[in-house]
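I opened my notebook and went through this model with a few plain things to look up. Here is what I wrote down as I went along.

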Amino acid sequence: MEGGGKMGYGGGGGQHETARLLKALSRTVEPRNFGIGLVAGFLLVTCAYFSTANFDAIHIALMPSKNGIGSPLTAFDGSGHRLGPDLGAQDPEDALSKQGSKAEVLDTDDEFSRKMNLPASSGPDASMGDTGKEGEAFPGAPPNATAEGGGTLLPPLSSPEESTNSTQEQGVLEDEELQVQDAMAAAAANASKKISGGSNGSSSPASVIQSDPATIPAPAQQIPTPQLEVKAPPVEQIPPTPVQQQEVKATPVQLIPPTPEVKQTGSSSSEAAAARRRPWKPLCDFASNRRIDWCELDGDVRVHGANGTVTLVDAAMAAEEWRVKPYPRKADASAMRFVREITVRSTPPNSANAAPACTERHEGVPALVFSDRGYTGNYFHAYTDVILPLFLTARQYSGEVQFMVSDFQMWWIGKFMPVFKSLSNYPLIDLAADSRVHCFKHVQVGLTCHADFSIDPSRSPNGYSMVDFTKFMRQTYKLPRDLAAPINGARPRLLIIARARTRRFDNLAEIVRGAEKVGFEAVVSEGDHEVAPFAELSNTCDVMLGVHGAGLTNMIFLPTGGAVIQVVPLGGLEFVAGYFRGPAADMGLRYLEYRIAPAESSLSEQYPPDHPVFTDPEGVKSKGWDSLKEAYLDKQDVKLDMRRFRPLLKKAFAHVRANKKLQ
């Protein structure tokens with residue numbers, strides 16, 4: 001039994017000894033040490049694998065994230081199949097938050113890359129190189145070897161020929177074999193760090209290549225070929241390529257050349273119709289001026305006086321026609337009744353209604369067409385309807401202008417001939433008596449005018465004013481005095497305009513004595529047909545006195561600084577007094593107005609005090625101009641009350657004496 005016991009023990013003892021050895025071995029080999037050994041063995045196998053692995057089978061492609069920058073890469077095998085995205089890489093957002101900038105996370109497709117964190121790029125130079133067109137794979141890549149989201153596959157690292165070309169394009173000479181060896185050494189170092197930190201349960205973060213945000217290209221730009229380097233070069237900003245500069249810098253708008261104008265050749269009607277038409281505007285203006293209709297023509301303008309036509313020949317103009325009476329009383333049928341109508345038209349050259357050929361050419365000289373009819377027989381209307389508008393229109397040409405007169409009245413032209421000669425260097429043309437065809441480059445039918453006996457400097461050529469007009473008239477008639485002021489202590493002169501037929505001064509002698517008592521030298525004149533003699537007399541005086549009428553028009557010859565006293569008859573004629581009130585002030589004259597009382601009017605001897613002539617002057621005016629003219633202008637004379645009138649004379653005298661200080 002003992003032996004049996006020993007044998008049994010012996011046989012069982014061997015087994016027991018084996019168990020004891022295993023137990024001792026299990027106590028000696030801890031799990032941790034076992035894992036280390038296992039990993040070490042795995043590293044040996046991996047190193048052997050890398051020494052014989054062919055990297056042509058691996059392609060690395062950038063996977064754009066939502067913002068297109070700093071996304072992980074996906075590996076492809078040689079057949080073009082994707083080996084799996086984000087293998088072993090941590091969340092890119094976590095990596096970005098830990099690194100503090102946008103980055104590119106590079107992963108491989110095998111177990112080693114997940115555990116060893118093999119670096120795939122180094123430095124910003126690898127992300128800023130020039131590439132090909134967007135979405136185009138590198139040479140040698142499979143047809144479908146394009147990353148998702150529009151990324152471009154990077155060229156194989158193991159091909160010496162392609163690697164050389166790639167590095168030459170980027171200006172970097174690399175040794176591919178050295179890069180692989182350095183990458184293996186870096187991978188082994190990273191793996192050791194990861195193993196040593198495995199006891200605390202933490203894992204190393206994925207490899208993140210930081211990029212300077214200022215150098216990150218726009219999402220639409222290409223991603224260059226990454227280069228595997230151990231030491232990343234310093235971050236520096238790469239200037240944009242010439243292609244990028246062309247895209248950013250746009251050509252300035254002002255440098256864009258205009259579209260060349262197509263010039264038509266030939267004179268056929270079809271070519272003329274196809275010619276580019278310039279913006280059309282009316283040749284005549286019937287709306288802007290309440291006093292006159294006028295037309296203005298530029299180009300090939302032909303005036304045929306005998307036919308009363310003014311024609312613009314222009315292939316780009318449509319056939320149009322207007323009828324104009326060139327006199328500034330268009331609303332007054334009585335004044336316009338005897339004014340000749342002028343036909344203004346435009347026509348193409350080959351029109352059936354074409355203008356006649358030119359017989360007289362006026363090179364460089366414009367023409368003004370106007371009428372001397374209407375109310376020009378009245379001295380005031382002669383100035384406000386023709387002389388003043390003619391100055392306003394023609395003065396700017398300094399004599400180089402041709403006057404063409406419709407309704408030519410020789411007696412009237414002769415009366416104002418000095419004015420015409422001062423404004424034009426050429427003889428006047430009587431349109432109705434001239435059968436020639438005069439051709440000009442510029443013609444105006446109808447004169448420029450603003451208001452009765454007035455100029456608006458803001459609308460006139462060269463800013464002409466009524467002061468300029470009076471100065472022109474004094475120069476035309478060679479009048480010496482420009483300033484109303486006593487000379488060498490002489491008494492101021494008062495010119496009293498004595499009307500012969502209507503609105504006469506019934507107490508003229510008393511008025512003269514009253515003026516002399518105030519200090520004036522009184523001069524009485526009725527005026528005559530000739531303008532020049534009365535203009536000379538007016539210029540020798542400082543103050544003009546007269547009842548409302550055309551005679552006050554001679555104030556234009558008074559020297560600047562003089563005074564005008566207008567006596568307004570009975571009958572609510574203040575509105576007609578305005579024909580001289582405003583113009584006198586515009587001429588630089590002191591204007592004084594005296595409105596007579598009923599006792600100073602001769603109407604008090606013709607009608608009883610309760611007659612409508614005194615009680616209802618508005619009712620008389622409402623019957624028309626003829627009724628007003630007959631009652632208040634044709635049948636009324638004036639007898640001034642000198643006690644009432646003398647203060648006005650004193651004001652005029654004081655005004656003129658004050659001008660002595662201006663000498």
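**Entry: D372**

I started with D372 and asked whether this residue is buried or exposed. The model is a predicted one, and in it D372 has a relative accessible area of 0%. Buried means under 20%, so I wrote down D372 as buried. Next I looked up where D372 sits, and found it in the loop between β12 (367-371) and α11.

Then I wanted to know which residues touch D372 once its neighbours within four places in sequence are set aside. My list reads V405, S406, D407, F408, Q409, W412 and I413. I picked D407 from that list for a distance check. D407 is 35 residues from D372 along the chain, yet their C-alpha atoms are separated by 6.1 Å.

**Entry: the disulfides**

How many disulfides does the structure hold? I found two. Counting bonded cysteines along the chain, I noted the pattern 1-2, 3-4.

One of them is formed by C284 and C295, with sulfur atoms 1.9 Å apart. The angle about the S-S bond is 105°, and this link is right-handed. C284 belongs to strand β6 (residues 284-285) and C295 to strand β7 (residues 294-304), so the pair ties together parts 11 residues apart in sequence. I also noted that C284 and C295 are both buried.

C358 and C439 are joined by a disulfide too, and here I read 1.7 Å from S to S. Why is this link left-handed? Its torsion about the S-S bond is about -100°, so left-handed is what I wrote. This pair links distant parts of the chain, 81 residues apart: C358 is in the loop between β10 (342-347) and β11 (360-361), while C439 is in strand β15 (residues 437-445). C439 is buried, with a relative accessible area of 4%.

While on cysteines, I looked up another two. C449 is buried at 4% relative accessible area, and C541 is buried at 0%.

**Entry: the nonpolar cores**

Which residues have the most contacts inside the largest nonpolar core? I listed Y383, F403, F416, F469, M473, M555 and F557, in a core of 67 residues. Helix α11 (residues 379-394) gives this core its largest share, 11 residues. Domain 1 (284-464) and domain 2 (482-661) both contribute residues, so the core lies between them.

I followed F416 a little further. Setting aside neighbours within four places in sequence, F416 is in contact with Y379, A382, Y383, I387, Y477 and V531. Another core lies apart from the largest one; it has 27 residues, including V512, V518, L570 and I596.

**Entry: helix α21**

My last stop was α21, which has 17 residues (642-658). From its first C-alpha to its last I read 24 Å, close to the 24 Å expected at 1.5 Å a residue.

Where do the buried residues of α21 fall when seen down its axis? I first wrote them out: M642, F645, L648, L649, A652, F653 and V656. They fall within an arc of 145°, so they line one face of the helix. My textbook reminder fits beside this: an α-helix has 3.6 residues a turn, so residues three or four places apart point the same way. On the other side of α21, R643 and K650 are exposed.

Finally, I checked what covers the buried residues of α21. Among the elements I noted are β16 (493-497), α15 (508-518), β18 (543-547), β19 (563-568) and β20 (590-595).

Technical notes: Residues numbered from 1 in each chain as written. Predicted model: local features only at pLDDT ≥ 70, side-chain atom pairs only at ≥ 80, totals over all residues. Heavy atoms only, no water. Disulfide = S-S within 2.5 Å. Helix = DSSP H or I, 4+ residues; strand = E, 2+ residues; numbered from the N terminus. Buried < 20%, exposed > 50% of the residue type's maximum accessible area, 1.4 Å probe, protein only. Core = buried A, V, L, I, M, F, W, Y, C linked by side-chain atoms within 4.5 Å. Domains from an automatic or database assignment. Contact = heavy atoms within 4.5 Å. Expected span 1.5 Å × (residues − 1). Arc of directions from axis to C-beta.
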